[in-house]
Amino acid sequence: MQFNKIWELFCKICAILMLLIIINSILGDILFRVKYSFPHISDTTKNIINPNNEPIQTTINSTKFIKFYGEKNLYILRPQAEYSISGIVITKNNNFWFRDIMRSKFDEVCLIDFGIAWGELADSKKLHKHWKFKSYKTLGQARRLEWRSKDKMDSMPWGIDYVSSHIAHTHIIPANTNVMSALLKIRKNEIIKLDGYLVDIYTDKNEVIAKTSLSRTDKDSTSRGYGACEDMYVKQVQIGNKIYK
């Protein structure tokens, strides 16, 4: 009888804790969205985004670094290359839920992920007719882009090598609140242009958090980017003719 009472008490405590975690998650998500809900246009341009262009990457030989303040910690970003990418958004992952429970140091720095395609893949109707994309966070804390064909390969308009070298899973570190607010308003299949740096991420104690990919053709965890993903410090976002920075 005593055991049953203890068990009931334990179940009630677990239920209360779970409820508190859910409430905290919902409140955290709401506060995050409120903070980044009001982007203002910094400028306009007559330059039309061309999603057929290859990303532009220029190696940096510099010892300069960028301080990035997360919600709990200070991080050091070491630019490896100037980087500009134009393309169509094929996936978007905000990764907000259970922010305080499931959040890693990497999550505290890279606030949003975009899957971006360019070149011949920038035709959204044609692309999604043949391929399916998904950006998500695994239980093991990895943030991945998965893509698979909907048809047999011999019926595809592009080979797998072309597809793999013309899509990128970009983990984004916003330079400021306005940049992040603009990123959040972007929708799937929109044409965008991002400008900034590819960066390696360290703690303020010089511990490695992540190293960015510097190639569009690496494919797995043996790459410099621990999975072929780009870690990008974004200074400017262009959506249509509007620029946010």
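Leaving aside its neighbours within four places in sequence, which residues is leucine 194 in contact with? In this structure, which is a predicted model, leucine 194 is in contact with Tyr83, Ser84, Ile85, Ile116, Ile172, Leu183, Met232, Val234, Gln236 and Val237, once those sequence neighbours are set aside. To place this residue, it helps to begin with the chain as a whole and then to return to the core.

The chain contains six helices and 12 strands, and its C-alpha atoms fill a box of roughly 70 × 45 × 35 Å when this is taken along the principal axes. Of the 245 residues in the chain, 44% are buried, while the area that the chain exposes comes to about 13800 Å², with 56% of it supplied by carbon and sulfur atoms. Among the contacts with a separation of 6 or more, 74% are accounted for by residues that stand 24 or more positions apart.

From the N terminus, the reader meets helix H1, which runs over residues 2–35 and has 34 residues. From its first C-alpha to its last, H1 reaches 49 Å, which is close to the 50 Å expected at 1.5 Å a residue. The buried residues of this helix are Ser25, Asp29 and Phe32.

The largest nonpolar core has 26 residues, and those with the most contacts inside it are Ile85, Phe114, Met180, Leu183, Ile186, Leu194 and Val237. The elements that give two or more residues to this core are S4, S5, S8, helix H6 (177–185), S9 and S11, and H6 gives the most, with five residues. Leucine 194, with which this account began, is in contact with several residues named here, including Ile85, Leu183 and Val237.

Strand S11, one of the contributors to that core, covers residues 230–239, and because eight of its 10 residues are buried, S11 is largely enclosed by the rest of the structure. How do its partners run beside it? Strand S8 (residues 167–174) pairs with S11 in the parallel sense over five bridges, and within this pairing threonine 170 has glutamate 230 of S11 as its bridge partner. Strand S9 (residues 191–203), by contrast, pairs with S11 in the antiparallel sense over seven bridges, and here the bridge partner of isoleucine 192 is isoleucine 239 in S11. Strand S12 (residues 242–244) also pairs with S11 in the antiparallel sense, over three bridges, with valine 237 standing opposite tyrosine 244 of S12. The hairpin of S11 and S12 has two residues between the strands, and in it glycine 240 takes a positive phi near 65 degrees. As a general point about such elements, the side chains in a regular strand alternate between the two faces of the sheet.

Charged side chains offer another route through the structure, which holds six salt bridges. In one of them, aspartate 107 is joined to arginine 143, with the closest N and O atoms 2.7 Å apart. Aspartate 107 lies in helix H3 (residues 105–109) and arginine 143 in strand S7 (residues 143–149), so this pair ties together parts that are 36 residues apart in sequence. Aspartate 107 is buried, with a relative accessible area of 6%, and arginine 143 also counts as buried, at 7% relative accessibility.

Arginine 143 also meets aspartate 113 in a salt bridge, at 2.6 Å from N to O. This second pair links distant parts of the chain, since arginine 143 belongs to strand S7 and aspartate 113 to strand S5 (residues 112–117), 30 residues apart. Both arginine 143 and aspartate 113 are buried, and Asp107, Asp113 and Arg143 are linked in a network of salt bridges. Elsewhere, glutamate 146 and arginine 144 meet through their side chains in a salt bridge at 4.0 Å from N to O; glutamate 146 is partly exposed, with a relative accessible area of 35%, and arginine 144 is partly exposed as well, with 40%.

Aspartate 113 appears again in the surroundings of asparagine 93, a residue of strand S4 (residues 74–93). Asparagine 93 is buried, with a relative accessible area of 10%, and, not counting residues up to four places away in sequence, asparagine 93 touches Ile112, Asp113, Ser135, Tyr136 and Lys137.

Notes
Residues are numbered from 1 along each chain as its sequence is written. This is a predicted model: local features need pLDDT of at least 70, side-chain atom pairs count only at pLDDT 80 or more; totals for chains, interfaces and linings use all residues. Side-chain values use heavy atoms; hydrogens and water are left out. Helices (H or I, at least four residues) and strands (E, at least two) are DSSP runs, numbered from the N terminus. The expected span of a helix is 1.5 Å times one less than its number of residues. Buried means under 20% relative accessible area, exposed over 50%, partly exposed in between (1.4 Å probe, protein chains only). Two strands pair if DSSP finds at least two bridges between them. Contact means heavy atoms within 4.5 Å. Accessible areas come from the Shrake-Rupley method with a 1.4 Å probe; for residues, only the protein chains shown count as cover. A nonpolar core is a set of buried Ala, Val, Leu, Ile, Met, Phe, Trp, Tyr and Cys residues joined through side-chain atoms within 4.5 Å.
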